[in-house]
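User: Please take a close look at the aromatic rings in this structure and at how they are arranged.

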Amino acid sequence: MNKHIINSPAHTVAQSLLGLAQAHPDLQLDPDYRVVALRSVPRNRVALISGGGSGHEPAHVGFVGAGLLSASAAGNVFASPNVGQVRRALELVQNERGTLTVIMRYTGDVLLFGLAKEQHAVTHPGYPTGLVIIGDDVAVPRKQGALVGRRGLAGTILAYKAASAVADEGADLAECQAVAEAVGQMMGTIGAGLNHCHIPGTAVQEQYLQADEVEIGMGIHNEPGILKRKLPPAKDLITQMLAYITDTTDTDRAFVPFKHDGKDRVVLLVNNLGGISELELGLIVQEALGVLASQNIQVERVNAGSFMTSCNLPGFSLTLLLLPRAQDQPRYSAERVLELLDAPASAPGWKPFTKVVNEAEAYVQDKGKVDTMKNGGKAVPIPHFDTFQQALRAACQNVVAAEPEITQFDTIAGDGDCGLCLKAGAEEILRVLDADDLDASDVINSILALAQAMERKMDGTSGALYSIWTNALAAGFARSSTADGSAWTHALDHALKTLYQYTPARRPSRTLVDPLAAFTEHLTTHAGDFTGAVQAAVDAAEHTRTIEAKAGRAAYVGREALREANVPDPGAWGVVKILQGIQSVVEK
């Protein structure tokens, strides 16, 4: 995506920072230096600062808060803050215990934050400062990055979260720095993207990746990755990404000392790089947990969300923090590291880590099911039961075959899901027919079985309308002795009138009600004329091409656009396909 909601590129960062400060009273903004800081900085606690280019929000300004950063300096998009900005951040957090700076390893950040640290030592002699540089990227092998080192990625926030928790306990600067360094040394991060991001105010670039490609190892500033490949299923992609972190056979890229003996324990961070939906993010979490479990790697904590973005890059990164083992006699035990990550903290961009439950525990433990609906009165037998089933099958097959056409109509006149919704319901009814689950001795139970099939697979407005209508159709046979022609006419009339209680749509409204009502009304006034009733439905559906939408999704679509498209209402077309399928059997 190359469009942005901004006023001007030059003022975007400043306005974003002001909005952040206005929405969080515990924060303050120095607009001249673009530094966000705590409004009240504790005097007897080591302060932590960070910063970097903007465009990675919420990192880092969004993590200024209690138990996290004391201040952060924001550069231009993807550009390091200047030395004056960093010095201002140091001044705003001045306290009695000193300040620790935790940054990502990028040349500009290292040089400018380092310079500010050295200048601060001259202007504030005796005031202790420390600097931790995090490099958790595993994409670039040792030989290639021998001089510059590993890039800093989303794992950086784990380092300053742990260091901040120690600071809250009253630790001195040296201890805070040691914690950040220990965490940084045991992390690995790798990202994947479906395309590059677009920076506000820059020219629109050509598509970087093909529609079916993914790139693994992309940086957070549009740096190219290490591998382009055809986009595989999520599980395969995540398996490959995690292998870059956990595989120790490639000594040039084995940065994290996994032992693969069933005793490895990790913290998992799933980071949205800016353009991945929450729907996809949940799936990525599930697959990552599954892949790690299959490798006997125990995930002790998990966190997922937008922590360090790359503007609107459609991609994500995975971070693993390998917890130390007791036999290695680490300075900080696994339990201590978890304690620090679990410590309370609050900031606009922070989400707490959570413990992981296995897949079985994640499901509802009560295995009870929704009661199957059954006829509570007398049974109403179905004459010509074989014909009844054949007509249903033909109707469903007709709908399945028409799905592409209905979807095309709905892409123009709705939200694009009508065809798939109808297809899902039709396929479930076909499954019911294949399982021989209908009851020849009772039309009510048979129709209720169809209603429940639709409820299982059809959602949205169409699913609700079909379910209400079908349940009402079953109720319409309550006073019948057999499901003959007149009983069907009465039941259809009852179903339509019941549907009217729940929708304001009346024909002509450019909805599925148009052909449904035309069919029912014709059959009610012309007993037994099934052919005429189907034709009335077809005519009503065709008429939806030219009439103004009064209900349904199409009511929100531009009238001129609909008129020019000359497409029927997709829901109405679905009703026609059902009726024509039934007609192909009934009129043989």
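Analyst: What follows covers the aromatic pairs, a cluster of rings and the charges placed over rings. This is a predicted model, in which local features need pLDDT of at least 70, side-chain atom pairs count only at pLDDT 80 or more, and totals for chains, interfaces and linings use all residues. Residues are numbered from 1 along each chain as its sequence is written, and side-chain values use heavy atoms, with hydrogens and water left out.

A search of the whole structure finds 9 aromatic pairs (rings of Phe, Tyr and Trp, the last by its six-membered ring, with centres within 6.5 Å; planes under 30 degrees apart are stacked, over 60 edge-to-face, the rest tilted). One of them is the edge-to-face pair of Phe477 and Trp488, at 4.9 Å centre to centre with 85° between the planes. The pair links distant parts of the chain, 11 residues apart: Phe477 lies in the loop between helix H13 (460-475) and helix H14 (485-500), and Trp488 in helix H14 (helices, H or I, are DSSP runs of at least four residues, numbered from the N terminus). Phe477 is buried, with a relative accessible area of 0%, while Trp488 is partly exposed at 22% (buried is under 20% relative accessible area, exposed over 50%, partly exposed in between, with a 1.4 Å probe and protein chains only).

Phe519 and Phe530 also pair edge-to-face, at 5.6 Å centre to centre and 85° between the planes. Phe519 belongs to helix H15 (residues 513-525) and Phe530 to helix H16 (residues 530-543); both residues are buried.

Elsewhere, Phe63, Tyr160, Phe307, Trp350 and Phe353 form one aromatic cluster.

Technical notes:
Helix = DSSP H or I, 4+ residues; strand = E, 2+ residues; numbered from the N terminus.
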